[in-house]
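Student: Could you take me closely through one part of this model, the surroundings of the ligand, and then add a word on any unusual backbone angles?

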Amino acid sequence: MKKHYSLFRFSFATAFGGLLIAAMSSCGKRDANSPGVEFFPDMYRSPSLEYYNVHTVDGDTVYNAMHPVSGTVARGYIPYTYPNTPEGYEQAGLNLKNPLDASKRENWEKEGEVLYGKFCVHCHGATGAGDGKVGGKLPGPPPAYDGALKNLPEGKIFHSITYGKNSMGSHASQLTAEERWKLVVYVQKLQGPKTTGTDSTAVAAPVATTTTK
Ligand code: HEC
């Protein structure tokens, strides 16, 4: 009797389980792509909001990570306004001056040296002679700071670090503007004292009396 009872229980459980599975699984006939009964459909069908867009979710309007209003500037960020053109380069040479506090120049020089060791030395070499291990392998190795670049004004140094020049890439994404100015100070140390007050590297100086410090 006990045996019969457990057999009955087993068949009942199997039949019930089968029915349950049948009920939960897809009916399949109406729509071949239908997954059938879904528990927690939100987990299968999340709203999947596209960013930078406006959506309607359950009747509510949702603004999802909107673009900032055009012309928005992050707090404390001063945009670099000289364009990446030959004219922008010359203009930077004429007008762009180091905004760092000149009385702390020694500090900037030291910090610039550290940055130089991380970002520049492999191309420009320890003394800025253009003999870094990578620099020597470039089609046009970097000129020496105290040679061809001796009288390069600070604005142009900053401009070239920001945008890059020929085989030298832009460093604007790796270095903040402040760090780039610290590097300018260190590059100026490697340039040594200028031999001329004028920008000897100018292609076409718009003003004949241009002077740089
Ligand atoms: C991949 C190698 C490479 C790296 C890294 C590199 N440079 Fe240069 N750099 C060059 C080359 C090559 C030139 C010469 C570009 C030309 O005039 O054709 C150059 C030119 C320059 C000039 C002269 C720009 C001008 O206006 O004539 C300055 C200043 C300079 N680099 C500074 C730096 C500083 C500072 C760093 C580190 C943040 C740096 N470079 C990193 C390869 C490099």
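**The ligand shell and two loop residues**

Tutor: Ala65 lies in the loop that runs between strand E2 (60–64) and helix H3 (86–95), and I mention this loop residue at the outset because the model is a predicted one and its backbone deserves a careful look. Although Ala65 is not a glycine, its phi is positive, at about 40 degrees. Ala65 counts as exposed, because 9 other C-beta atoms lie within 10 Å of its own and the limit for an exposed residue is 12 or fewer.

A second loop residue can be described in similar terms. Tyr52 sits in the loop between helix H2 (41–44) and strand E1 (53–57), and its phi, near 55 degrees, is likewise a positive value in a residue other than glycine. With 9 C-beta neighbours inside 10 Å, Tyr52 too is classed as exposed.

Turning now to the part you asked about, the ligand is surrounded by 22 residues, of which the closest are Cys120, Cys123, Ser160, Asn166 and Met168. The elements that contribute two or more residues to this shell are helix H5 (121–124), helix H6 (154–163) and helix H7 (177–191). Helix H6 gives the most, with 4 residues. Sorted by class, the shell around the ligand holds 13 nonpolar residues, 7 polar residues and 2 charged residues.

Technical notes. Residues numbered from 1 in each chain as written. Predicted model: local features only at pLDDT ≥ 70, side-chain atom pairs only at ≥ 80, totals over all residues. Near = placed C-beta within 6 Å. Nonpolar A, V, L, I, M, F, W, Y, C, P; charged D, E, K, R; others polar. Buried ≥ 20, exposed ≤ 12 C-beta atoms within 10 Å, placed from the backbone.
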